[in-house]
Amino acid sequence: MFIFSVEKDESNRQIYKLTGYEGLLRGNSFVLTQPSVSIGRNKNNNILINDARISRHHARIEILPDGIYLVDLNSTAGTYVNNIRITRAALKPGDKIQFYPPETKKIESDDKKIKEGQTHIVDKKIMMPATISLRDFLTQDKTKWVSTLKLSAMEEQVRDRKKLEILLSVTNALSRPEKIEVKIEEILAVLFEIMDLDRAAIWILSKNFGEEKKITTDLEPVFKYKIFRKKYDVNDEDEPVFSMSIIKKVLLEEEGILVKDALTDEEFKSSMSVKVQGIRTCVCVPLKTQNNLLGVLYADAQRPVDKFTEEDLKFVTAFSAQAAVAVENSLLHQKIENDAKLKSRFERFFSPNTIDTLIKKPEFVGKGGEEMFVTVLFSDIRNYTALSARKTPREVANMLNEYFPLMVKIVFRKDGTLEKYIGDALMAIWGAPISTEDHAREAVLAAIDMQKAVTELNQKWKSRGMETIEIGIGINTGNAFLGNIGDESFLQYAAIGDTTNLSARLCSCAAKGEILVSEQTYNLLKDYHLKFEELESIALKGITGKTRRFRVVF
């Protein structure tokens, strides 16, 4: 697109220039007179390039004391120097600069090979080169266009072949999974390159509108993504108004429509968006795969009536099928990435079975929560303060790093949730975030396994000449508020309420190797094959009245 050069003026001072060598700016020269020169599709840029492939704010040239640098501004299509994609690169005279992937190979035209009476083109096998450009199939001479497709007038069979080649090229161009917003921008950029449009937009539904519309035709669609593009950018203005009556009709009927003159169309002429925006002719098609209605693709023009033709509708319908596959792949790719991040975050606190369920509940990720009937377990190491005083911090850390993984493994094996570590203490919950009926039993069985695991760990430590430990455990059952608490940047799943406080108090009064449960937990388990021994009721800090407590016999 540009050649960078350094010249001398009459005063023998250096002048930095960009000279267009192809495309819309071929033959134009730009002298770089400012320390920072912006390049993009928005009119506020120092160098305006009105090309659908170019991002609004695509790149910047920086003139610094140590050299001239080209910086990509996170553009969709990328910035290239001598056919190599860059994020920031020093420029030298003769460098070739492009703002979309370079065209490395052109396809040979074989229009002349199509003979009269030959089988219809859709039955013909077309071999595509590995790297091609859409421009290989299009003409930029507007006088030759007979519809919004940038194809010159030609025999129908040749024109069909051209359209098929374009669609095959589009499939290749849109095949790589991207973030969904980037993929939609890419689809719109490709559409603008193929067709002479004023505006285009893609709406992606936030839920399965295809199923819900069977209930009522008055249902308003809810969109998760709305991205638009215009032929002429005017600042970074708000999203323009589109005809939602047209879009809703396409969603409800799942069929594309062509409106040749919206201002006279009986169905749409009363629409406020049609009046305000002066929409004359438009095409709107559903974005759907074999099984899913994903959204709509919409394009309109404020220019002469009949700008869009039936041929355009058929082409955009075929294009939308490919775009829908690209969108679905990107949504799936994004879901896989998000699920992996969630799994990495969850696996520190939840059992594998719980994680699989939570990943299917996106509402769980944010702030908020609910009151649930749960069982809470507290455990800590007896005489930990004295133990820590006898050891170095590294020795204490090594001991805890061997002890805690054993405890957590048992919690997860019993489908519990690790709520937190507090020094040498551990807090776990059963019955949340997934409600279960036997949470009290699982918590007590986990506590028994934890005590047995400490006994086995002590045997190993004794053989290595290390000190041993003893733990006490307290368990209580009741209502608690469960949910994600904290700042959006760091949310902690937590249980809040008296149920938690009582389990902590029972833990504090448990002897070495002892498991104490509350009356509430005992009442749920007294008919199970578990043995309990009631101890003397005592007053606990922060708890009204005396508390009944039961020792688990194991």
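This note reviews the nonpolar cores and salt bridges of the structure above.

1. Basis. The structure is a predicted model, in which local features need pLDDT of at least 70 and side-chain atom pairs count only at pLDDT 80 or more, while totals for chains, interfaces and linings use all residues. Residues are numbered from 1 along each chain as its sequence is written, and side-chain values use heavy atoms, with hydrogens and water left out.

2. Main core. The largest nonpolar core (buried Ala, Val, Leu, Ile, Met, Phe, Trp, Tyr and Cys residues joined through side-chain atoms within 4.5 Å) holds 40 residues, and Tyr403, Leu426 and Ile475 have the most contacts inside it. Helix H10 (439-463) and strand E20 (471-487) are among the elements that each supply at least two residues of this core; helices and strands are DSSP runs of at least four and at least two residues respectively, numbered from the N terminus. H10 gives the most, with eleven residues.

3. Second core. Another core, of 39 residues, lies apart from the largest one and includes Val170, Leu287, Ala299 and Phe319.

4. Salt bridges. The whole structure has 20 salt bridges, each a side-chain nitrogen of Lys or Arg within 4 Å of a carboxyl oxygen of Asp or Glu. Arg551 and Glu514 form one of these, at 2.5 Å from N to O. This pair links distant parts of the chain, 37 residues apart, with Arg551 in strand E24 and Glu514 in the loop between helix H11 (498-508) and E22.

5. Exposure of the pair. Glu514 counts as buried because its relative accessibility is 9%, whereas Arg551, at 26%, counts as partly exposed. Buried means under 20% relative accessible area, exposed over 50%, and partly exposed in between (1.4 Å probe, protein chains only).
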